[in-house]
Amino acid sequence: MGLWRFLKSLILINKEVPQSRGMLYPRESETREVRSLDGIWNFVRSDQTNPTQGVREEWYGKDLSRSRPTIPMPVPASYNDITTDNLRDHVGTVWYDRKFFAPRSWAVDQRVWLRFGSVHYEAYVWVNGQKVVKHEIGHLPFEAEVTHLLNYGAENRITVMCDNALIQTTVPQGRITELPNDDGMTIVQSYTFDFFNYAGIHRSVHLYTTPKTFIEEVVITTNLSKDNVGGEVIYSVKFNGSAVNEADNSLYVRAQLYDREGKLVANGTSDEELCGSLQVDNVNPWWPYLMHPEPGYLYQLEVKLHASNDDLLDVYRLKVGVRTLSWSNATFQINGRPVYFRGFGRHEDADVRGKGLDNALMVRDFNLLKWIGANAYRTSHYPYSEESMQFADEHGIMIVDECPSVDAENYNQELLGKHKSSLEQLIHRDRNHPSVVMWSIANEPRTREMNADSYFQLVANLTRSLDKTRPITAAIATPWTDDKAGRFLDIISFNRYNAWYSNTGRLDMVTKKVVEEAVAWNKHYNKPVIMAEYGADTLEGLHLQPAYVWSEEFQTEVFARHFKAFDILRKKGWFIGEFVWNFADFKTAQSYTRVGGNKKGVFTRARQPKASAHLLRKRYFALARELDDSSFPEDLFTYIADMGKVEENT
Ligand code: GCB
């Protein structure tokens with residue numbers, strides 16, 4: 001590297017990131033229609049050594065099947081595990097297309113939008129052969145107006161090219177290398193993060209209509225009076241389009257708030273900036289699961305955009321939870337009450353469909369979260385589906401919302417821009433969810449590296465500038481002695497695998513080490529501390545007594561040793577949460593340390609409990625009873641004997 005390039009690499013400049021627009025979750029209303037394009041699409045994989053061939057040959061100009069033989073591919077789903085050949089390990093571009101009709105009625109006085117819930121990693125979209133939109137970074141939605149491109153009352157074609165290649169300037173990072181194989185040379189994708197780089201159209205594809213002048217954005221914040229009896233919903237609306245008559249700039253919004261029973265509890269008219277606030281008497285605050293008998297209370301906010309002559313232009317409805325968050329150097333509070341997080345790191349991952357949205361799996365997972373008494377999870381290591389965020393709102397599960405930066409290293413200007421953009425897009429998407437209580441700006445970044453301090457200062461500054469109502473964390477594995485990022489966070493989260501990656505098998509080397517490390521983080525930064533990952537790989541059905549690595553007994557014991565540490569730490573006042581790694585077993589890249597994937601799940605990949613799940617359930621409910629006065633489920637303890645006498649005497 002020349003001297004100039006070396007010096008330049010030392011300086012990271014704060015550049016503006018593009019601002020997201022629109023992207024409200026597609027919902028029907030009296031002014032909007034929504035159509036799903038989910039189903040079976042046609043699919044072609046490009047030649048790995050010639051990834052841009054399809055673009056040069058303009059495959060998007062006609063049906064894919066006229067350029068290459070196609071295979072059927074479900075949407076939404078990862079494409080990797082669908083076929084029986086090595087599509088799983090394909091590197092580079094793949095193509096999808098399908099046809100759809102645009103009804104004649106859509107031709108008049110409306111706009112039509114095409115919206116993708118997420119495509120991993122990079123997507124190029126054409127409609128009827130015309131380029132529509134390009135989007136980089138998976139797990140985040142993007143959309144474009146297609147009004148002018150559609151044939152109304154006729155058939156249309158949508159074509160998507162998706163590229164899964166990860167390099168040093170993508171989020172997350174990876175490396176592409178060319179290696180010799182038995183047939184000559186081949187392209188290999190490698191990455192340091194510990195989950196399979198599933199790719200494809202991962203979430204739903206929607207067409208939706210809006211009026212010509214429409215509600216483009218709604219931003220909600222909420223307040224509570226000190227006694228939690230009075231609530232306030234503050235809204236700010238943006239519209240797009242010209243007012244009905246050109247001279248008419250004075251649109252206004254009517255906002256109406258309904259409770260769960262559909263009763264109108266507050267309403268009002270916006271100011272000229274389309275902002276306003278609604279006061280709610282005897283409010284039902286949004287509470288986390290087990291912190292209140294009625295957790296996850298949501299109101300429905302109805303936003304009506306009117307022209308100055310009172311004509312109704314557009315209607316959009318969304319769910320609103322009324323709650324406050326506050327934090328200090330020792331606590332994190334919701335509605336004025338301290339929170340202790342009992343949760344998980346998770347993955348969007350399943351057999352066959354990989355990271356594709358799966359409503360059955362999502363509902364099962366929430367049933368398991370509630371069964372086990374968890375009140376939180378981190379969306380490790382990327383944004384999860386919008387549908388799951390809505391579900392978390394409804395069930396009172398708190399979310400530590402993580403952007404897709406994992407194992408960041410070799411900090412450079414381009415990476416910084418994309419990392420910041422991923423947070424901008426995430427906050428834009430999730431800012432209205434009451435379940436989102438914290439932003440996680442990275443998982444296990446290499447924070448001892450050169451430039452980590454200026455890099456994370458800029459990332460944290462951007463996050464704070466976009467949302468001051470939630471604290472910032474990052475899950476750090478670098479030892480506190482070397483870490484350069486913690487000082488930019490509000491809450492310190494650390495990941496550590498005692499008795500697993502360090503001192504493997506030594507159950508007697510867990511409790512003290514966990515206590516010492518948490519104390520050290522707290523002393524160093526004077527901030528609340530969470531243990532964001534701990535755990536042990538466990539092969540379901542492997543039983544070994546005394547406990548031995550990989551057995552169900554070992555995982556259970558590792559948990560118990562951590563629980564002891566957490567109870568010592570809880571007494572110190574600034575230790576605010578424990579997150580097991582992981583909720584369920586999940587797929588990883590092939591490696592000799594992974595037997596069919598990462599097996600640190602408390603549940604199997606098929607979502608059945610391992611022995612440790614039953615122990616964890618007892619702890620999480622015991623904590624809920626101790627801290628939040630909730631009661632035990634009837635089946636928490638298995639009957640062993642009539643303990644009545646024993647209990648009476650204790
Ligand atoms: C970690 C990572 C997580 C891994 C886990 C493990 O520290 O944050 O992505 O899966 O360790 O099991 O190795």
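User: In this predicted model, in the loop between which two elements is the place of D358?

Analyst: The model is a predicted one, and D358 sits in a loop rather than in a helix or strand. That loop runs between β25 (341-345) and α3 (359-372).

User: Is D358 buried or exposed?

Analyst: The relative accessible area of D358 is 18%. Buried means under 20% relative accessible area, and D358 therefore counts as buried.

User: The side chain of D358 has a polar contact with the side chain of which residue?

Analyst: A polar atom of the D358 side chain lies 3.1 Å from the backbone nitrogen of L361, but that partner atom belongs to a backbone. The contact that joins two side chains has a length of 3.3 Å, and the partner of D358 in it is R353.

User: Which strands stand at the edges of the open sheet β18-β17-β20-β21?

Analyst: Four strands form this sheet with antiparallel pairing, in the order β18-β17-β20-β21. Each edge strand has a single partner, so one side of it is left without a neighbour in the sheet. The strands at the edges are β18 (264-269) and β21 (312-320).

User: Over how many bridges do β17 and β18 pair?

Analyst: Strand β17 covers residues 252-258 and pairs with β18 in the antiparallel sense. R254 stands opposite T269 in β18. The number of bridges over which β17 and β18 pair is five.

User: How far apart in space are E28 and T209, C-alpha to C-alpha?

Analyst: E28 lies in the loop between α1 (3-10) and β1 (34-36), and at 61% relative accessibility E28 counts as exposed. Although E28 and T209 are 181 residues apart in sequence, their C-alpha to C-alpha distance is 8.8 Å.

How values were computed: Residues numbered from 1 in each chain as written. Predicted model: local features only at pLDDT ≥ 70, side-chain atom pairs only at ≥ 80, totals over all residues. Heavy atoms only, no water. Buried < 20%, exposed > 50% of the residue type's maximum accessible area, 1.4 Å probe, protein only. Polar contact = N/O pair within 3.5 Å; in protein donor to acceptor, adjacent residues only side chain to side chain. Pairing = 2+ DSSP bridges.
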